[in-house]
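User: I would like to go through this structure by way of its side-chain interactions, with the reasoning spelled out for each point. Please keep to what can be computed from the atoms.

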Amino acid sequence: SQQGCDPFAQTQRSKLQHRRARINQQINKEMRMRAGAENLFRATSNHKVKETVALELSYVNSNLQLLKEELEELNSSMDVYQNDSESISVPMIPLGLKETKELDLLVPLKDFISEHYGEESVLFEKEIKEFMELRQAMRTPSRNEAGLELLMEYYNQLYFLDSRFFPPTKTLGVFFHWYDSLTGVPSHQRALAFEKGSVLFNLGALHTQIGARQDRASLPGLNQAIDAFQKAAGAFNYLKENFSNAPSLDMSAASLTMLVRLMVAQVQECVFEKMTLLRAQNDFLSRLQLAQEAARVEDVYSLVHQTMSQPHIKDYVPFSWTAMVQVKSEHFKALSHYFAAIALCDCPAPSDAELPEQEKAFLQFHVTMPEGPSLSVLLQDPEERRKLGKAHLKKAIMKHEEAMRIHGLCKILRKMDILQEVLSFAHKRSLSKYSEIDHEEDFFETGEAPDIHPKTHQKPEIKSPNFSQVKVTDLFHRLGPLSVFSAKNKWYPARRVHLMRGENGFGFTLRGDSPVLIAGVIPGGCAAEAGLKEGDYIISVNGKDCKWSKHAEVVQLLKSTGKEGVDIGVITLQGSECPKAVDRKAAVMSSGSGMLKGDKENSRKSLMNSKSASTLLVWSKKSKRSKKSTYSGVPFTAVGDNEAMY
């Protein structure tokens, strides 16, 4: 079975998870105290009591504030998730995993198995324990492919749990507790959708941690970081599209939109780094391209900053994140102007042969055309090139200074030496270039350089989770085929029928596999006499369980009975006895709906099936079940020769 990583192995990261869990518990306690105090405050009319309670409330609130600040500092421990390589890479923003409480499902699932399925529940303790072990392991996934697979495996297993134990009309009565990833505020719900959504969130968060720890000074590391951040964006986007009314802020639509944009920006930053890494030539055109690539990074980060500044998000996002995003936006704007200046000042003027191509590139380079002479004159006159380059450098230096100013305002970012180093290196580089091209006899006023038109050669992709890559088998397989034995179907208690074979056989027709269906009963035949009905499912023959048996196997068992006859166990689905259902069933059967799809029938669509409309959190996608499955949800094998008289 899958293992989570040992939560007690004291790595930097597990220490972080422990501190996070401890703070979450304290926040939980304070929230309970606050709720109690607020209730008392509302209930009492005694002024003295009111004053005491008000004092206590302010104390609790300031405590909560401190805890949240401590948590924010933890969530900004970007260095813990970064790699150990010596080379300088600007830190990326990873997300902490959502914590959850332990969950004991033994009693609720056993009760459901005996009440709903009429099975001996003690026989399923092994499966229940296995499920609970899987849940325990996925709380601490390792930061690699195995950890991702563990979360996927649990997510896929929830599909089966849902189909087996969560009827549309009621819940299991257990609460799923999860803490907000950023604030640590607890939420709980009975809806399994909340559990699914939280696991999906952690899948995204784990991708961000894997992305942040890659060594981006090498090409393989960069490609892995790009892949990880694209998949993180995909997980958050999938969550946003398939969930609504999440009880915790981290899974609200506004917050997920912000996270998707943040991940896309981090991908774009990696794409820029990839270009600087691969840049073999220092010619004019590749430098223009680099400037446009940097402008593109600035563009996406300023969009993230706008998103983080919206009313509902502003107080929620750690200040260090907002500062980091703003710093990066200014930093990349500075870089775009720096590379524009380098292209103009360090590259020779074009030959007549090169001019048309350079002119074409330069035409689409600026957001607005620079003032001054025509393009061909500008590009061929070194003095004009120096003038415009100087204007670009002036703008670059202003932006570097702005980035450093914002960096200095945030206590948490000030502790990040790497970021400090990167910003001051870029600033010094622009300053020294400026002094190199600045002539003492320059009497012209340096003009305002227009901004650079953002353009990328590699657009970030939002990669949705591919759930089918992790194959799982239904842990509760022994309860029988899901097409019949699911939480949404109800059936009458199993009947044991003793059948003797008459001259014309047993007197019924059978159809389908797993479970085999009695498709017709001949009036006056042995089967009719014994009380078998059309629409009954055969679940055992002579005590042998036949829920999963194929058509031929059941026929073989029936044929091998001697004079003493045969004991058949059958069930009847509730709601299948009315004539209408039988007609509909006949229509379904004759429509030839292909082979029984077994587990494939559990398509992704039904994964999103809303389990309880009354709960707050519902999947917004409803299952588009085919019309064919109106009767008992079985895609019947309506193969003519499969139906025969016995």
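User: Over the ring of which residue does the charged end of Lys 547 sit?

Analyst: The model is a predicted one, and the geometry below is computed from it. A lysine counts as sitting over a ring if its NZ is within 6 Å of the ring centre and within 35 degrees of the ring normal. The charged end of Lys 547 lies 5.6 Å from the centre of the ring in question, and that ring belongs to Phe 485.

User: With which residue does Lys 547 form a salt bridge of 2.9 Å, N to O?

Analyst: Lys 547 is in the loop between β8 (544-545) and α19 (551-559), and its partner is in the loop between α4 (106-116) and α5 (125-138), so that the pair links distant parts of the chain, 428 residues apart. Lys 547 also forms a salt bridge with Asp 545, where the closest N and O atoms are 3.5 Å apart. The partner at 2.9 Å, however, is Glu 119.

User: Is Lys 547 buried or exposed, and what are the classes of Glu 119 and Asp 545?

Analyst: Residues under 20% relative accessible area count as buried, and those over 50% as exposed, with partly exposed in between. Glu 119 has a relative accessible area of 24% and is therefore partly exposed, and Asp 545, at 44%, is partly exposed as well. Lys 547 has a value of 7%, so the class of Lys 547 is buried.

User: Which residues are linked with Lys 395 in a network of salt bridges?

Analyst: One bridge of Lys 395 is with Asp 451, with the closest N and O atoms 3.3 Å apart. That pair links distant parts of the chain, 56 residues apart, since Lys 395 is in helix α15 (residues 382-409) and Asp 451 in the loop between α17 (417-437) and β4 (495-499). Lys 395 is buried at 13% relative accessible area, whereas Asp 451 is partly exposed at 26%. The residues linked with Lys 395 in the network are Lys 333, Glu 448 and Asp 451.

User: Leaving aside neighbours within four places in sequence, with which residues is Lys 333 in contact?

Analyst: Lys 333 lies in helix α12 (residues 319-346), and its relative accessibility of 14% is the reason why it counts as buried. A contact here means heavy atoms within 4.5 Å. On that basis, and with the sequence neighbours set aside, Lys 333 is in contact with Glu 298, Lys 399 and Asp 451.

User: How many aromatic pairs does a search of the whole structure find, and which geometry does the pair of Phe 112 and Phe 165 have?

Analyst: The search of the whole structure finds 17 aromatic pairs. For Phe 112 and Phe 165, the distance is 5.7 Å centre to centre and the planes are at 70°; Phe 112 is in helix α4 and Phe 165 in helix α6 (residues 145-165), 53 residues apart, and both are buried. An angle over 60 degrees counts as edge-to-face, and the geometry of this pair is edge-to-face.

User: Why is the pair of Tyr 338 and Phe 339 classed as it is?

Analyst: The ring centres of Tyr 338 and Phe 339 are 5.3 Å apart. Tyr 338 is buried, with a relative accessible area of 9%, and Phe 339 is buried at 6%. The planes of the two rings stand at 70°, so the pair is edge-to-face.

User: Which residues form one aromatic cluster with Phe 112?

Analyst: Phe 165, the edge-to-face partner of Phe 112, belongs to the cluster. Phe 485, over whose ring the charged end of Lys 547 sits, is also a member. The residues that form the cluster with Phe 112 are Tyr 117, Phe 165, Phe 476, Phe 485 and Trp 491.

User: Which residues form a nonpolar patch on the surface together with Leu 277?

Analyst: Leu 277 is found in helix α9 (residues 253-278). Patch residues need over 30% relative accessible area, and Leu 277, at 39%, is partly exposed. The patch has about 240 Å² of accessible area together, and the residues that form it with Leu 277 are Leu 219 and Leu 278.

User: What share of the residues of the chain counts as buried?

Analyst: The chain contains 21 helices and eleven strands, and it exposes about 29900 Å², of which carbon and sulfur atoms supply 53%. Among contacts between residues at least 6 apart in sequence, 78% join residues at least 24 apart. Of the 646 residues of the chain, the share that counts as buried is 53%.

Notes: Residues are numbered from 1 along each chain as its sequence is written. This is a predicted model: local features need pLDDT of at least 70, side-chain atom pairs count only at pLDDT 80 or more; totals for chains, interfaces and linings use all residues. Side-chain values use heavy atoms; hydrogens and water are left out. Patches are made of residues with over 30% relative accessible area and no salt bridge: like charges are joined within 9 Å, nonpolar side chains (Val, Leu, Ile, Met, Phe, Trp, Tyr) within 5 Å. Accessible areas come from the Shrake-Rupley method with a 1.4 Å probe; for residues, only the protein chains shown count as cover. A salt bridge is a side-chain nitrogen of Lys or Arg within 4 Å of a carboxyl oxygen of Asp or Glu. Helices (H or I, at least four residues) and strands (E, at least two) are DSSP runs, numbered from the N terminus. Buried means under 20% relative accessible area, exposed over 50%, partly exposed in between (1.4 Å probe, protein chains only). Rings of Phe, Tyr and Trp (its six-membered ring) pair if their centres lie within 6.5 Å; planes under 30 degrees apart count as stacked, over 60 as edge-to-face and the rest as tilted.
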